[in-house]
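The following exercises are to be worked with the sequence and the coordinates at hand. Each task is followed by a solution in steps.

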There are 2 protein chains.
Amino acid sequence: MPETEHRWVVDLELTPPSLGDNTADADRLVAGLQKQLGSPNVSLDRTVLLPLPDLLRKNDYRVRCIVCRDRGAWKVIFATGPADDRPIAGLAVDLGTSRVVLRLVGLTDGRTLAESAFDNPQLNVGADILARIHYADTTGGLEHLQELIVDGLNRHMALLCRQADITQGQVHLAAIAGNTAMSHLLLGTNPHWMIREPYIPAVNRPGLTRASDLGLNIHPGGRVLVFPNIGSYFGGDLIAGILYSDLHRRENTAILVDVGTNAEVVLGNHNWLMACAGAAGPALEGGVTKMGMMAGPGVIDRIDIDPKTHQFQVHTIENQKPIGICGSGLIDLAAQMFLAGMIDLRGKLVPGRCDGRYQEKDGLGYLVVIAADRSGTGKDLTIGQADLDSLTRSKAAMFTILETITTTVGVAMQDLSKFYVAGTFGSFIRPASAISIGMLPDLDIDRYKPLGNSSLGGATMALMSADAVDEIDAIQERITYMELNVNQDFMNRFSAAKFFPHTDPTRFPSVKVWQE
Amino acid sequence: MPETEHRWVVDLELTPPSLGDNTADADRLVAGLQKQLGSPNVSLDRTVLLPLPDLLRKNDYRVRCIVCRDRGAWKVIFATGPADDRPIAGLAVDLGTSRVVLRLVGLTDGRTLAESAFDNPQLNVGADILARIHYADTTGGLEHLQELIVDGLNRHMALLCRQADITQGQVHLAAIAGNTAMSHLLLGTNPHWMIREPYIPAVNRPGLTRASDLGLNIHPGGRVLVFPNIGSYFGGDLIAGILYSDLHRRENTAILVDVGTNAEVVLGNHNWLMACAGAAGPALEGGVTKMGMMAGPGVIDRIDIDPKTHQFQVHTIENQKPIGICGSGLIDLAAQMFLAGMIDLRGKLVPGRCDGRYQEKDGLGYLVVIAADRSGTGKDLTIGQADLDSLTRSKAAMFTILETITTTVGVAMQDLSKFYVAGTFGSFIRPASAISIGMLPDLDIDRYKPLGNSSLGGATMALMSADAVDEIDAIQERITYMELNVNQDFMNRFSAAKFFPHTDPTRFPSVKVWQE
């Protein structure tokens, strides 16, 4: 690690040549940068070399450079005069399987210039990543997928640039954080072997790639930093999250959790990092119940139930008529029902406590959350016993993963100084509700920190320092990835976690079920 | 400097992945190379990354790579299976202003596969380099010059490859040594400022360039090493010569001289290197006398005169009828005439000693070397007093340059352990003759070593070791370039050196003029 931080943009004042000092122009610039950057390994892109003699003479040997370092070597990727006051921009990208978020940032001041998001155009090929990986094996499939995502990025970046009143040529860097498969599909590397035993990605540390090699329409000499992966099931989006949360620099052990169909967990501090990933089931993404859906207008994200009157107080996104429920809403609903005694320790509906809301169909019980006359769909919004069972399995899986990784490392959950929850889920979830159903451990609420879009946040941070490439590589290198073995220990923990909140209620002292 | 030498071609046997070791394919290859190369800074070209997963699996994780190191970072530029027994070739180029020499070499065994030479196509734009530098400033001029030389290289390389029965895609490296202006014109960098005070090249250490960036038709992932320059008047051809002569590794101080219109000199040993360059005049390249010409069939390259009978014994290249004389032949002629008493200490013809060969025209004396009836042109081949005066100035300039650099460093000429003479001139010259006229110092004849085409030799050596890029950079860095100041000291030395062999004959004890 360097002693001082390096910026991507470096301003230099060189001594003009003379008969007594006839160092060549390129070598003079390199020597200046070697001194400034503290490294002997500096070279110029050809696109910088060719116009350099005139540039230096026009600007009295004062020059502004964009530099980047990859695998120990510095490259100058752009040079301009000091009077050039056009903004120099970078593009941060959260490359999601479903949704892609872009942020245009000023490289010199870190200012956000514009933001936007769009649906991943690869959704047309396959909604889930597995379908796309298979499609990549068909003739021209890989190229088509790469084209789709690059075209999408180019199209939306063009809009962003117009919005920020800059040209795409003023964008010199892109930092892109996605899961392993999405990173492969962006790079044009085939993810074929990722999903076949022993599950090997083509590349984990792609480092910097020339934007022109990927077809990304930023400055022709620009570079793309694709965040490294740990393996097929732990991607660059998580590394970006670690960078963003600062987990790798903290003295006290903390944990970062990305909750979804697949739960990803990193535990550690400035000395060590341990990661694992495991299936938590689709319930947490609103992907199981009939009324489940992704967050959006009219989606229930929060529910309060008065334990005494059993009155439901429902909040929807943008306060529209309710049309469904998202993952965090579902957790709220289950937690509130449990605390009000409407479901029991095993997560089963208690008909006698559900007032008029309990109904049965084909012998299966369900609960009417929103009656047809008040819903946005004109139909009852309901949650069935099967949905609750699915949620129970998901929350038990999540807790078991947390318990397994902390136990393996020998850290008590109570000793976690911070509990970061990443993603949209992390922004919407009420930790108290997740604790109430025993999905997350019973820590002081203020230890829980939603990170928001930490993938985008980490990508943005990478644009703030040329040392980020090395820092990210160092994080990637430091992580020990733990394979989750679904063995007897795991199954025992899982069974115990299938209760609300847990078979051992002393582990959740703050959870108090309403007593008449 | 690394402890062991690195080859450009590296064979690796990787451990195949397993559930317990799921390192990605690219990262596995990088880790193997980090170990083998002893460096943490290794990355892959995109052209290597994309096909890698299939390549590794098809070959049981055994792989043959071509690697290169530039400015501290290793790059893998090609990977293939171990069973791929097609030759892997490199191209060495002596990029002369007038003549370009190519040599195709096997990278694994160093075997010469084919050789050829062609006239620099830029000759059509301008015979001398100055004309081309001016032409480069016209619209499209620089691009045209670059195109001319690259097209020439591509055309002749295609022929070489056919001759060697390989494809151009099997050529992965090119090492090109030329003077500073030619190196610029190849790279497409403008040499404009080289010829304007304070004489600044655009670049002295271009390092490795992608062949595709230059338009050179070798493997698309191939690299071109353009030898570094010391300055506008001391080019990569000389650095190649140093590499080839091993001057920079020798314990005992030696000297390397490239004789031509411009004389370039390097003096030094494994601790230090001192260089200078100065005008010696065109006489030494056969560019002054009416009968002077470049070496070729029918050109006199050697003359013996019996001091007693004054009989001329003339040798021509390929034993054809004489049509002219080259630089080394001229030196032989002058030396033999001087030793036979046909010219005096001041280099003036002594009519009484020239038998019937002396004639006059318009009051100027000249000597018939070959009478019309024996010449290949049907005319007398003659040498005039003016030609001899020009040679005298050239040989005096050469000796003065040698005296100046040795005196500056404080090395006696007699202490030079080796005296390397580079170029065609060095191959043809008889050191005894050069000593006789006082052009080169009076050392034991066996200290003189002709180097032949040391520029091509150095370029070939660079293809034998991946460390060569660093070694060449280290040579470039170590050289102290001495500006030749034409001051009173220099003029005094020059005046003293205008005698045959010198005003101080004790400095040339071996030179004995015939006494009747």
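The model is predicted.

**Exercise 1.** Determine with which side chain that of B:Thr253 makes a polar contact, and describe the surroundings of B:Thr253.

*Solution.* Step 1: the side chain of B:Thr253 makes a polar contact with the side chain of B:Asn269, at 3.0 Å. Step 2: B:Thr253 is located in the loop between α8 (236-245) and β11 (254-258) of chain B. Step 3: the relative accessibility of B:Thr253 is 15%, so the residue counts as buried, the cut-off being under 20%. Step 4: when neighbours within four places in sequence are left aside, the contacts of B:Thr253 include B:Leu267, B:Gly268, B:Asn269 and B:Trp272. Also among them are B:Val411, B:Asp415, B:Leu416, B:Ser417 and B:Lys418.

**Exercise 2.** Establish the strand order of the open sheet in chain A that contains β14, and identify the helix that packs on this sheet.

*Solution.* Step 1: three strands of chain A form the open sheet, in the order β15-β14-β16, with mixed pairing. Step 2: β15 (312-316) and β16 (324-325) of chain A are the edge strands, since each pairs on one side only. Step 3: β14 (residues 299-305) and β16 of chain A run parallel and are joined by two bridges. In one of the pairings, A:Val299 has A:Gly324 in β16(A) as its bridge partner. Step 4: helix α9 (residues 327-339) of chain A packs on the sheet and touches β14, β15 and β16 of chain A. The direction of α9 makes about 15° with that of β14(A).

**Exercise 3.** Classify A:Ser394 and A:Leu443 as buried or exposed, and place each in its chain.

*Solution.* Step 1: A:Ser394 belongs to helix α10 (residues 385-409) of chain A. With a relative accessible area of 2%, A:Ser394 is buried. A polar atom of its side chain lies 2.5 Å from the backbone oxygen of A:Ala280. Step 2: A:Leu443 occupies the loop between α12 (431-436) and β21 (448-452) of chain A. Its relative accessible area is 3%, and A:Leu443 is therefore buried. Step 3: beyond its neighbours within four places in sequence, A:Leu443 is in contact with A:Met413, A:Gln414, A:Leu416, A:Phe419, A:Ile435 and A:Tyr448.

**Exercise 4.** Characterise the interface of chain B and chain A by its area, residues and polar contacts.

*Solution.* Step 1: about 3400 Å² is buried between the two chains, and carbon and sulfur atoms give 57% of this area. Step 2: chain B contributes 41 residues to the contact and chain A contributes 41 residues. Step 3: 14 residue pairs are in polar contact across the interface, both residues being at pLDDT 80 or more, whereas the count of salt bridges is zero. Step 4: on the side of chain B that touches chain A, at least two residues each come from α1 (25-37), β2 (42-44), α2 (46-49), α3 (52-58), β9 (208-210) and α7 (211-214) of chain B.

**Exercise 5.** Locate the positive phi angles of B:Glu318 and B:Asp362 and the cis peptide bond between B:Glu197 and B:Pro198.

*Solution.* Step 1: B:Glu318, although not a glycine, has a positive phi of about 60°. B:Glu318 lies in the loop between β15 (312-316) and β16 (324-325) of chain B, and at 56% relative accessibility B:Glu318 counts as exposed. Step 2: B:Asp362, likewise not a glycine, has a positive phi of about 50°. B:Asp362 is placed in the loop between β17 (358-361) and β18 (364-370) of chain B, and at 74% relative accessibility B:Asp362 counts as exposed. Step 3: the cis peptide bond between B:Glu197 and B:Pro198 has an omega of about 0°. B:Pro198 is in the loop between α6 (180-187) and β9 of chain B.

Technical notes:
Residues are numbered from 1 along each chain as its sequence is written. Chains are lettered from A and ligands numbered from 1 in the order in which they are written. This is a predicted model: local features need pLDDT of at least 70, side-chain atom pairs count only at pLDDT 80 or more; totals for chains, interfaces and linings use all residues. Side-chain values use heavy atoms; hydrogens and water are left out. Helices (H or I, at least four residues) and strands (E, at least two) are DSSP runs, numbered from the N terminus. Contact means heavy atoms within 4.5 Å. Axes are lines fitted to C-alpha atoms, for helices over the stretch in contact, and angles run from 0 to 180 degrees between N-to-C directions. Buried means under 20% relative accessible area, exposed over 50%, partly exposed in between (1.4 Å probe, protein chains only). A polar contact is a pair of N or O atoms within 3.5 Å; within protein, one must be able to donate a hydrogen and the other to accept it, and residues adjacent in sequence count only if both atoms are side-chain atoms. Buried area is the accessible area (1.4 Å probe) that two parts lose on being put together, summed over both. A salt bridge is a side-chain nitrogen of Lys or Arg within 4 Å of a carboxyl oxygen of Asp or Glu.
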